[in-house]
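Biologist: I would like a close look at the aromatic rings of this model and at the residues around them, with the criteria given as you go.

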Amino acid sequence: MKRAAAVALVLGLLAACAGDGGRDGATPPPAPRYPLDGTLRLNHIQVLGTHNSYHVAPPAGPSLTPERDITQSSLTVQLDQQSVRQIELDVHATPGGPLSVFHLRGDEGTTCPTLVQCLLEVRAWSDRARGHLPVFVLIEPKHELGALVDGLAVDAEVRSVFRPEQLVTPDDVQGAWPSLRQAVQEGGWPLLGAARNKVVVVYTDDVLTRAAYTSNETSLQGRAMFVYAGAASPIGAFASVPDARLDSARIASLVASGFIVRTRADDAGVEARANDASRATAALASGAHLVSTDYPVPAPSGYVVRPPGVPARCNPVTAPPATPCTPQDVENLG
């Protein structure tokens, strides 16, 4: 009897440990339920993003120019504590090695030195933040003389980190439609419920250096990443319009055509030094889906771009007008 009691006690302790959400190997709590996941689509949300999300300011000296005097928190802190759901990574080709992440020569400070390390950090956060909105990852190639970034190599590194079911790819969106452009314009983006716990990667290369990746601008079949493209392009689904104050009509046209649009709330610290929120205000009101800032936390002037919701909100332009929607309907991880 004593032995049976001892065994029961041990089993009880093991069961208690297994149910403890703070211990390694524990069963995670159930993901939140979102009643509008069968109504809202991927282009019905608006999220806060960061520009040069990895950036660490250079040390004091000639390289520390005002526009470089920005240090971001780790990607994990941005995702966990700053309501960021879009990040941007600049990549450089390294002969014989993995793709490096930093801004420019002389401005090489970074919180994650390689693309794979940055993406692994995103994946680790995603694995434990069940029920999260899709995270948008913008990857900008920084081509250098004799070291052009190969889009196919970027694609391979993305797929080395994320399993197919962890990505929203151009093929997922296009389905049986003749082109990606027609799919987003006529068929619509995937439902939000189908995109949760996933990553959407956009390769922001120029047309002249991405011919192999885009099959000469005709298709993204089999690719892991979207690209920025024009309104008439067969691969058009994402676009970047830097300043909503100057190009609000263009943003409105692209949004109405089904594009997911990224815009900037500030640039090079200009708005932050003047504590001028006009560009951020225009960006949030424009209907752009991804609003990027260098200042998810306050600058010395007090300038900061707060998330449109905690962490995001229904897009003020594209969300179904007859559907009441709160930020908690978009994401509510508690």
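Which charged end sits over the ring of tyrosine 34, and at what distance from its centre?

Modeller: The structure is a predicted model, in which local features need pLDDT of at least 70 and side-chain atom pairs count only at pLDDT 80 or more, while totals for chains, interfaces and linings use all residues. Residues are numbered from 1 along each chain as its sequence is written, and side-chain values use heavy atoms, with hydrogens and water left out.

It is arginine 196 whose charged end sits over the ring of tyrosine 34, at 3.5 Å from the ring centre; the criterion is that NZ of Lys or CZ of Arg lies within 6 Å of the ring centre and within 35 degrees of the ring normal. A further arrangement of this kind involves arginine 223, which lies over the face of tyrosine 213 at 5.1 Å from the centre of the ring.

Turning from charges to pairs of rings, a search of the whole structure gives six aromatic pairs, where rings of Phe, Tyr and Trp (its six-membered ring) pair if their centres lie within 6.5 Å, and planes under 30 degrees apart count as stacked, over 60 as edge-to-face and the rest as tilted. In one of these pairs, the ring centres of tryptophan 189 and phenylalanine 226 are 5.9 Å apart and the planes make an angle of 45 degrees, so this pair is classed as tilted. The pair joins distant parts of the chain, since tryptophan 189 belongs to the loop between helix H6 (180-187) and helix H7 (192-195), whereas phenylalanine 226 belongs to strand E6 (residues 225-227), 37 residues apart; helices (H or I, at least four residues) and strands (E, at least two) are DSSP runs numbered from the N terminus. Tryptophan 189 and phenylalanine 226 are both buried, a word that stands for under 20% relative accessible area, with exposed for over 50% and partly exposed for values in between (1.4 Å probe, protein chains only). Through ring pairs, Phe136, Trp189, Phe226 and Phe238 are linked into a cluster.

From Trp189 the picture can be extended to asparagine 43, which touches Trp189, Gly258, Ile260, His289, Asn315 and Thr318, residues up to four places away in sequence not being counted; contact here means heavy atoms within 4.5 Å. Asparagine 43 is placed in the loop between helix H1 (2-18) and strand E1 (45-50), and it counts as buried because its relative accessibility is 10%. Its partner histidine 289 is found in the loop between helix H10 (278-285) and strand E9 (290-293), and histidine 289 also counts as buried, because its relative accessibility is 2%. With the same exclusion of residues up to four places away, the contacts of histidine 289 include Asn43, Ile45, Gln46, Val47, Val255 and Phe259, and also Ile260, Val261, Asn315 and Thr318.

Phe226 and Tyr213 lead to another loop residue, leucine 220, whose contacts beyond four places in sequence include Tyr213, Thr214, Met225, Phe226, Val227 and Ile235, together with Pro170, Asp171 and Leu180. Leucine 220 lies in the loop between strand E5 (199-203) and E6, and its relative accessible area of 3% is why it is described as buried. By contrast with these contacts, the C-alpha atoms of leucine 220 and arginine 250, which are 30 residues apart along the chain, are separated by 24 Å. Serine 219, which is likewise in the loop between E5 and E6, is partly exposed, with a relative accessible area of 22%. Serine 219 touches Tyr213, Thr214 and Ile235, again without counting residues up to four places away in sequence. Between the C-alpha atoms of serine 219 and proline 170 the separation is 9.1 Å, although these residues are 49 apart along the chain.

Some backbone details complete the view. Valine 310 and proline 311 are joined by a cis peptide bond with omega of about 0 degrees, and proline 311 is in the loop between E9 and strand E10 (312-314). Serine 83, which is not a glycine, has a positive phi of about 60 degrees; serine 83 occurs in the loop between helix H2 (75-81) and strand E2 (84-92) and is buried, with a relative accessible area of 11%. Asparagine 275, also not a glycine, has a positive phi of about 50 degrees; asparagine 275 is in the loop between helix H9 (270-274) and H10 and is partly exposed, at a relative accessible area of 43%.
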